[in-house]
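Open your viewer and get ready to pick out charged side chains. We will go from one stop to the next, selecting a few residues each time.

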Amino acid sequence: MNLLSVENLTKSYGEKILFQDVTFGVAEGDKIGIIGVNGTGKSTFLKVVAGLEPPDSGKVSVGSRVKVQMLSQNPAFEPEMTVLEHVFQGDSAEMSALRAYQETLLALELNPGSTALQEKLIEANQRLDTLNAWQLESDAKMALTKLGITTFDAKLGTLSGGQRKRVAMAAALIQPSDILILDEPTNHIDNESVAWLESMLQKRRGALLMITHDRYFLDRVSNRIMELDRGRAFFYTANYSRFVELKLEREEREAASEDKRQNLLRNELAWIRRGAKARTTKQKARIERFEKLKEAAPERTSGKLELSVASTRLGKKILEIEHAGKSFGDRKLIRDFNYIAVPGDRVGIVGRNGSGKSTLLKLIAGQFEPDAGSVVLGPTVQLGWFTQEHEEMDESLRVIEYIREAAEQVKTGDGTTISATQMLERFLFPGPMQWTPIAKLSGGEKRRVQLLRVLMSAPNVLLLDEPTNDLDIATLTVLEDYLDDFPGVVFVVSHDRYFLDRTVDRIIAFEGNGVISHHVGNYSDYQEQAGQREAAGTGSAQDVTRGAGKPADSVEGSGSSGSAPQERGKSLKMSYKDQKDFEQIDEWIADAEERLNSVLSRMEAAGSDSVLLQQLTEEQQALENKLEELMDRWTELNELAEKIAAQKRG
């Protein structure tokens, strides 16, 4: 039985048809990944399905009791609303009860002697018990913590764009719904958060529609693929890997059919040229057949991006980093880091959000100066930097004008010269579209133009900061192919595991507290090595610092919990360290929250002081990371305490 049905759905944007006559159904358990080149209308399609935009024609039918929840790419928010207030929005009985409980609790903190408020709190407690909604509150805080948001009473106006997106994601995930719609859910979250989200969606019982460029994520979560291509929708009952196989088979069949059509067309054309007279019924029918064959020509394929721009010559000295250090306030991001780049280096940079990955790129680019040590670029280095922050673009410019500001023409790998117009065509911007004002492009198309502009400058050292955000799979595939043949050096910060596996052969990992480790191999190799170290009990620098806010040298073991695994049949009990942590963990959490609130207040008062805001932002991220570690430890200790209590009761 379908939860949602789409019939003959059509939508245009000006003269461009985004999708036409799309028909399909969504059943419980369906996990549908939607893919297509940027600008094909994927986000618009989700908005139409969710009822946020009307179609030009066709209809979307949703079951009377079916709840639909959507996370858009740019969710709306109220600056003065707190994190939990935003998460508990919604008109369901459970959300209303949770809001009433939170509001009463806050009011009682301000007026602890109020008998009326105490009675109201008891009623709110009973209401949550009746609705069995306590789990929702726990789920909300867990989701926020896993997504890197640990200050639940922070106002949304004080958070970064990426943090607000994560708050909105947590809200979408915990809201009771039968159909969950996610638009680029893996943007702005780190690798650990992606893995957690992947696991959560795999276990989710309801239906799922999502747009994502993360191919590992698609492969592991989706069981159906919908491809939007030149206004048409193609459906595959498959994950991403199987989809690639099935699409290739479909295109081979279409190519064979086109070959047959061309042969028939040549025969008919020869007959026409011999001077057939359209007198008899048979002759008329044959001429009509010829016209139909001409009209049956398939649409031009979406094409494949092609890049072979030559880079500038690179000398022997490329990049030398010696004993570099960088801090913001009390937050040590980079400590005694050394690296010497060699020709052909492909370096992936990984770590938690806020750990300092982008800061390292800014040190290389000369935007930041190290507090200690040195960062020296060779004299022949020509940097190309594709930043995580969307570059300010003059949106009144047309696409071709924007690209020509970088270069009128470039040399390709084979030594030939091509124009900016030809490069745009290779980048899926055909002639008419090149004269489109940038303001009319989709977000993904704007990012594609920005990437082309970076590559048009013929760099020999590429700095790519989260390049997979907002780019479609087709563009990423060609960027990967480009990097295969790129003769220079590449540093890439990314949470996209597939992209890292495909493009890098060395990993620089930010382990926490400014410690950075080197690993040979791609991201999967790095994960395997980390797993082996953990199994061997050595752990990483990040693991060693997970001791409930205490100094690293006070943490026992390899940095898990400090609790030795209990042998089967033996009674559970807390170690001395567990007991001490259990007694103090609430105080540590309260202290961390108080310090974080102080930083947030200073950020509000900082106004337009960009330097101070940058420092405070780094402090905020450090405190949030620490609070996340404390919350993990709190959860672990309370679970252990509950097991011990249950054992005693048994």
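Start by selecting Arg-215, Glu-480, Asp-481, Asp-484 and Arg-502: in this predicted model, these five residues are joined in a network of salt bridges.

Now keep just Asp-481 and Arg-502 from that group. Their side chains form a salt bridge, with N and O 2.8 Å apart. Colour the helices and you will see that the pair links distant parts of the chain, since Asp-481 sits in helix α16 (residues 473–485) while Arg-502 belongs to helix α17 (residues 497–503), 21 residues apart. Are these two side chains buried or exposed? Neither label fits: Asp-481 is partly exposed at 25% relative accessibility, and Arg-502 is partly exposed as well, at 30%.

Next, select Asp-581 and Arg-633. Here too there is a salt bridge, and its closest N and O atoms are 2.8 Å apart. Asp-581 is in helix α20 (residues 576–605) and Arg-633 in helix α21 (residues 610–649), so this contact ties together parts 52 residues apart in sequence. Turn on a surface for this stop: both Asp-581 and Arg-633 are buried.

For the last pair, go to Glu-53 and Lys-11, whose side chains meet in a salt bridge at 3.9 Å, N to O. Glu-53 lies in the loop between α1 (42–49) and β4 (57–62), and Lys-11 in strand β1 (residues 2–13), which puts the partners 42 residues apart. Compare their surroundings: Glu-53 is partly exposed, with 26% relative accessible area, whereas Lys-11 is buried, at 12%.

If you would like to keep exploring, the whole structure holds 24 salt bridges.

Technical notes. Residues numbered from 1 in each chain as written. Predicted model: local features only at pLDDT ≥ 70, side-chain atom pairs only at ≥ 80, totals over all residues. Heavy atoms only, no water. Salt bridge = Lys/Arg side-chain N within 4 Å of Asp/Glu carboxyl O. Helix = DSSP H or I, 4+ residues; strand = E, 2+ residues; numbered from the N terminus. Buried < 20%, exposed > 50% of the residue type's maximum accessible area, 1.4 Å probe, protein only.
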